[in-house]
Amino acid sequence: TIGRLIRLGVSSDALSLAVVSKSPLVDAYPAEKIEDMLGVRVLGIVPPAPDVCAAAQKAGAQLVLYHPRSAPANMLTSVAQRTAAIAVGTPAAVLPH
């Protein structure tokens, strides 16, 4: 858990989350609210799309390749880009949710 990592000495600034939402509501929990609750940066919230995900799984394909323009594929791509930007030292303030 996040608390355990922090107790082990990992700075909360070094942690980031990608949240997978099961809520049908678009902004049930905005990233800012989750960040405030957990004290950790949220890289993105992957929206639910069970039909698209099931079709990609059935086809044995990665979601971002099977249906690259779907909402979850777009968010997964965004999370990957944000992770890469953080890894090369881009300030977090420059990275939108």
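Start by selecting P68, and show whatever lies around it. Leaving out neighbours within four places in sequence, P68 is in contact with L63, A73 and N74 (contact means heavy atoms within 4.5 Å). P68 sits in the loop between α4 (63-66) and α5. Helices here are DSSP runs of H or I with at least four residues, strands are runs of E with at least two, and both are numbered from the N terminus. P68 is partly exposed because its relative accessible area is 44%; buried means under 20%, exposed over 50%, and partly exposed in between, with a 1.4 Å probe and protein chains only.

A word on what you have open: this is a predicted model, where local features need pLDDT of at least 70 and side-chain atom pairs count only at pLDDT 80 or more, while totals for chains, interfaces and linings use all residues. Residues are numbered from 1 along each chain as its sequence is written, and side-chain values use heavy atoms, with hydrogens and water left out.

**Next stop: the core**

Now click on A73, one of the partners of P68. A73 is in helix α5 (residues 71-87), and it counts as buried because its relative accessible area is 0%. Not counting residues up to four places away in sequence, A73 touches L63, V64, H67 and P68. Want a distance to draw? Try A73 to C53: they are 20 residues apart in sequence, and their C-alpha atoms are 9.4 Å apart in space.

Move on to L63. Which residues is L63 in contact with, leaving aside its neighbours within four places in sequence? They are V52, C53, A56, P68, S70, P72, A73 and L76.

Then select A49, V52, A56, L63 and A73 together: these 5 residues make up the largest nonpolar core. Such a core is a set of buried Ala, Val, Leu, Ile, Met, Phe, Trp, Tyr and Cys residues joined through side-chain atoms within 4.5 Å.

While you are here, pick A55 in helix α3 (residues 50-59). A55 counts as partly exposed because its relative accessibility is 26%. Draw a line from A55 to G89: they are 34 residues apart along the chain, and their C-alpha atoms are separated by 36 Å.

**Over to α2**

Select helix α2, residues 31-38. Its buried residues are A31, I34 and E35. They lie on the same side of α2 because they cover an arc of only 100 degrees around the axis, the arc being that of the directions from the helix axis to the C-beta atoms. An α-helix has 3.6 residues a turn, so residues three or four places apart point the same way. Show β1 and β2 (41-46) as well: they are among what covers the buried residues of α2. Turn to the other side of α2 and you will find D36 and M37 exposed.

Stay with M37 and add Y29 and L38: the three form a nonpolar patch on the surface, with about 320 Å² of accessible area together. Areas come from the Shrake-Rupley method with a 1.4 Å probe, and for residues only the protein chains shown count as cover. Patches take residues with over 30% relative accessible area and no salt bridge, joining like charges within 9 Å and nonpolar side chains (Val, Leu, Ile, Met, Phe, Trp, Tyr) within 5 Å; a salt bridge is a side-chain nitrogen of Lys or Arg within 4 Å of a carboxyl oxygen of Asp or Glu. L38 itself is partly exposed, as its relative accessible area is 42%.

Following α2 is G39, which has a positive phi, near 70 degrees. From G39, hop to S12: the two are 27 residues apart in sequence, yet 6.9 Å apart in space, C-alpha to C-alpha. S12 lies in the loop between α1 (2-7) and β1 (16-20), and touches I6 and G39, residues up to four places away not counted.

**Zoom out**

Finally, show the whole protein. It has 5 helices and 2 strands, which run α-β-α-β-α-α-α from the N terminus on. Its C-alpha atoms fill a box of roughly 40 × 30 × 25 Å along the principal axes. Of its 97 residues, 24% are buried. Switch on the surface: the protein exposes about 6,700 Å², and carbon and sulfur atoms supply 60% of that.
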